[in-house]
Amino acid sequence: MSQADDKTESESVGTVVVAGAANLAIAVAKLVAGVISGSAAMLSEAAHSVADTTTEALLYQALRRGARPADQRRPFGYGKESYVWAFFAAMFTFVAGAGFAVTHGITTILVHKHSGDFLISYIVLGVSFVIESISLARAVRQVRNESRRWKTTPRRFLRLTADTTVKAVFLEDSAALIGLLLAGAGVGLSHATGDEVWDGLASILIGFLLLTVAGILASNNLSLLVGRAVPKRLHHEIEQELTGLPEVKRIDTLMTMQLGPDDILVAAKVDFHDEATGAAIEATADDAERRLTGRYPEISYVFLDPTRSLPGATGRARHTQAEPDPGAGDEPDRP
């Protein structure tokens with residue numbers, strides 16, 4: 001792992017720890033406020049923060065276990081394990097946070113009576129908003145740093161990055177701030193009108209917000225677990241690097257896989273020039289690995305398979321796994 005990758009991992013750990021500590025403190029405050037005030041929205045926000053705290057613990061586990069080096073049992077490393085723990089985190093948010101918020105909101109609309117003590121809810125919501133903003137600011141800073149590193153926009157970096165921990169923290173902190181605004185609106189409208197339906201409705205909306213975040217994160221981690229290729233632009237750049245080697249006539253097949261946040265596998269069937277000797281092919285394979293790993297430190301494995309020339313060869317890869325993407329020209333080089 002390169003120094004840049006070590007720095008990125010350390011920054012991701014710090015972002016997760018800060019978010020987890022903030023969520024734990026907020027969860028306790030919201031729970032106390034919810035119990036005292038009887039507000040469904042406050043209790044739902046407490047469940048939201050508990051879910052986020054548990055999520056941060058699972059994401060911390062993902063970072064630690066996924067960073068373990070390769071060994072004889074796992075020759076390609078443990079990078080994909082980070083996606084397993086991140087998937088568990090998304091599922092916990094889905095079941096615990098969203099499930100409680102929706103069911104409690106419906107119950108509140110049907111039968112609940114508010115205690116009428118609104119002041120503590122307003123205080124906790126205000127303090128929580130400040131703390132969540134600090135946590136989100138750290139996540140935003142990391143996203144911006146990483147997007148500059150990959151020479152892309154923060155939005156596109158978040159869409160394509162294989163670092164699911166920073167994406168999870170950013171989305172969860174953003175959802176937390178939106179949830180606080182919903183809770184504040186629900187409590188405020190119930191206070192002003194005396195109608196508890198607003199408090200219950202805010203709780204339900206918080207639940208659907210959590211469902212949305214959990215769905216996005218679960219889908220992303222599932223894609224990486226199954227085995228996702230690198231972005232299309234990086235795929236083409238790898239192809240160009242290989243076809244630029246002196247002994248290479250064409251690339252018949254080029255396949256890539258994201259093994260972990262900072263581990264990429266490259267495998268290609270290569271048609272070498274007919275006059276190339278065995279020694280020249282071996283030297284070209286070594287040169288290919290040096291070029292790719294030197295330009296892209298995230299590439300950990302390069303496998304080249306010499307293959308026979310096919311009729312009508314054009315010099316470009318005949319088969320790739322990159323899917324058509326109208327917006328591929330704007331994709332980051334190495335998210």
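Is Glu-45 buried or exposed? With a relative accessible area of 0%, Glu-45 is buried, where buried stands for under 20% relative accessible area, exposed for over 50% and partly exposed for values in between, using a 1.4 Å probe and protein chains only. The views below show a predicted model, in which local features need pLDDT of at least 70 and side-chain atom pairs count only at pLDDT 80 or more, whereas totals for chains, interfaces and linings use all residues. Residues are numbered from 1 along each chain as its sequence is written, and side-chain values use heavy atoms, with hydrogens and water left out.

**View 1. The whole chain, with nine helices and four strands.**
Helices (H or I, at least four residues) and strands (E, at least two) are DSSP runs numbered from the N terminus, and along the sequence they follow the pattern α-α-α-α-α-α-α-α-β-β-α-β-β. Of the 335 residues in the chain, 48% are buried. Contact here means heavy atoms within 4.5 Å; among the contacts between residues at least 6 apart in sequence, 79% join residues at least 24 apart. The chain exposes about 15300 Å², and carbon and sulfur atoms supply 63% of that area, which was obtained by the Shrake-Rupley method with a 1.4 Å probe, counting for residues only the protein chains shown as cover.

**View 2. Helix α2, a mostly covered helix of residues 40–66.**
From its first C-alpha to its last, this helix of 27 residues reaches 38 Å, close to the 39 Å expected at 1.5 Å a residue, the expected span being 1.5 Å times one less than the number of residues. Of the 27 residues in α2, 20 are buried. At the start of α2, a side-chain oxygen of Ser-39 comes to within 3.4 Å of the backbone nitrogen of Ala-41.

**View 3. The salt bridge between Glu-45 and Lys-30.**
A salt bridge is a side-chain nitrogen of Lys or Arg within 4 Å of a carboxyl oxygen of Asp or Glu, and a search of the whole structure finds nine of them. In the pair shown here, the closest N and O atoms of Glu-45 and Lys-30 are 2.7 Å apart. The pair links distant parts of the chain, since Glu-45 belongs to helix α2 and Lys-30, 15 residues away, to helix α1 (residues 3–37). Lys-30, at 0% relative accessibility, counts as buried, and Glu-45 is likewise buried at 0%.

**View 4. Arg-68 and Glu-81 joined by a salt bridge.**
The closest N and O atoms of Arg-68 and Glu-81 are 2.5 Å apart. Arg-68 lies in the loop between α2 and α3 while Glu-81 lies in helix α3, so the pair ties together parts that are 13 residues apart in sequence. Arg-68 is partly exposed at 30% relative accessibility, whereas Glu-81, at 18%, counts as buried.

**View 5. Asp-287 and Arg-291 in helix α9, and a network elsewhere.**
The side chains of Asp-287 and Arg-291 meet in a salt bridge, N to O, at 3.6 Å. Because they are four residues apart in helix α9 (residues 278–295), the two are separated by about one helical turn. Arg-291 is partly exposed, with a relative accessible area of 34%. Salt bridges that share partners also join Arg-65, Arg-68 and Glu-81 into one network.

**View 6. Surroundings of Lys-80 in helix α3.**
Lys-80 is partly exposed, with a relative accessible area of 22%. The C-alpha atoms of Lys-80 and Arg-65 are 9.5 Å apart in space, the two residues being 15 apart in sequence. Beyond its neighbours within four places in sequence, Lys-80 is in contact with Leu-224, Leu-225, Gly-227, Met-257, Gln-258 and Leu-259. The side chain of Lys-80 reaches the backbone oxygen of Gln-258 at 3.4 Å.

**View 7. Thr-93, a buried residue of helix α3 (residues 79–111).**
The relative accessibility of Thr-93 is 2%. Leaving aside its neighbours within four places in sequence, Thr-93 is in contact with Ala-51, Thr-55, Ala-98, Glu-172, Leu-210 and Ala-214.

**View 8. A nonpolar patch on the surface.**
Patches are made of residues with over 30% relative accessible area and no salt bridge, joining like charges within 9 Å and nonpolar side chains (Val, Leu, Ile, Met, Phe, Trp, Tyr) within 5 Å. The patch shown consists of Ile-106, Ile-109, Leu-110, Val-111, Leu-189, Val-197, Trp-198, Leu-201 and Leu-205, which together have about 760 Å² of accessible area. The elements that give two or more residues to this patch are α3 and α7 (197–226). Ile-109, found in helix α3, is partly exposed with a relative accessible area of 36%.

Terms used: Polar contact = N/O pair within 3.5 Å; in protein donor to acceptor, adjacent residues only side chain to side chain.
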